[in-house]
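I opened this model to record how its strands are arranged and to look up one loop residue in detail. My entries follow in the order in which I made them.

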Amino acid sequence: MRSALLVCIAFAAFFANANTTIVDAFSELKLVNQSKVSGQFEQHKKIKVLKNSIVSAGSFSADQSGFVWQQKTPIASTIRMDEHGIYSKDHRGNESQMTNADLYIPLLQALLLQDPVKLSDYLQLQSVADSCINLSANEPLDQVFSAVKLCGTGTISRIVLSEKAGHTTEINLTYAAAN
C-alpha cells in the first residue's frame, strides 16, 4: 500500500512538472513582459573550430512594433525590424532586406520584451534552475538550435544559444533605465 502511494505521488509530481509552461517559468523568475526596452549587449560567439570567441558589442531597442540591434564593435552593422520587414545595414551604410531572418529576429524581439506567450511559438520549456530557464526549440528552429537558456531575475540578463553544429552564442544584456 505504501509503495502504491509513493508511485502515485511520483506520477503526480511528474505531471505537475510536465504542465509547467514558459509563462510559469517567467513568473517563477519574476520576469515581466515589457512593452519597450533598450540597452547594451555584449555577445560572445564560440565557433567550434576557433580557439577564441568572437566578441561583439552594441545597443538594442525593442517594442511591440519593432526591433533594432546595432552592433558597434568589431564592425558596425544594424538589424532593424518594422512593419515593412527586416533590414540589415552594413558598416558602409548599405541597407538590404533580409529574407531569411523572419524566425530569428522576432524570436530575439520576444526574448528582449520577455514575452512568454510569443516565445511559446518558438520554444518549449525543459527546466528551471538557478535563475535560468532551459528551453528547446520548436520546428523549424530545432534545425538550428539545440538549446536556449535564459538567465536573470526580474529581467533577462543572459541568453545562451546552443546550435546543433556545436557553436554557442552567449549574449549579456544591460538595460537602460526606464523613462
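**Sheet, crossing helix and one loop residue**

I first traced the sheet in this predicted model. I found 11 strands in an open sheet with antiparallel pairing, and I noted their order as β6-β5-β4-β3-β2-β1-β11-β10-β9-β8-β7. At the edges I located β6 (95-97) and β7 (123-129), each of which pairs on one side only. For the turn between neighbouring strands of this sheet, I recorded an average of 20 degrees, direction ignored.

I then looked at one edge of the sheet. Strand β5, residues 85-89, pairs with β6 in the antiparallel sense, and I noted three bridges between the two. For Lys-89, I entered Glu-95 in β6 as the bridge partner.

Next I looked up helix α3, residues 104-112. I found that helix α3 lies across several strands, including β1 (36-46), β2 (54-63), β10 (158-163) and β11 (168-175). Its angle to β3 (66-73) is about 95 degrees.

Finally I turned to Asn-138. Where does Asn-138 lie? I placed Asn-138 in the loop between β8 (132-137) and β9 (145-151). Is Asn-138 buried or exposed? I entered Asn-138 as buried because its relative accessible area is 17%, and the cut-off for buried is under 20%.

I also listed the surroundings of Asn-138. Leaving out residues up to four places away in sequence, I found that Asn-138 touches Ser-120, Asp-121, Tyr-122, Leu-123 and Gln-124. With Ser-120, I noted that the side chain of Asn-138 reaches the backbone oxygen at 3.2 Å.

Definitions and conventions: Residues are numbered from 1 along each chain as its sequence is written. This is a predicted model: local features need pLDDT of at least 70, side-chain atom pairs count only at pLDDT 80 or more; totals for chains, interfaces and linings use all residues. Side-chain values use heavy atoms; hydrogens and water are left out. Helices (H or I, at least four residues) and strands (E, at least two) are DSSP runs, numbered from the N terminus. Buried means under 20% relative accessible area, exposed over 50%, partly exposed in between (1.4 Å probe, protein chains only). A polar contact is a pair of N or O atoms within 3.5 Å; within protein, one must be able to donate a hydrogen and the other to accept it, and residues adjacent in sequence count only if both atoms are side-chain atoms. Contact means heavy atoms within 4.5 Å. Two strands pair if DSSP finds at least two bridges between them. Axes are lines fitted to C-alpha atoms, for helices over the stretch in contact, and angles run from 0 to 180 degrees between N-to-C directions.
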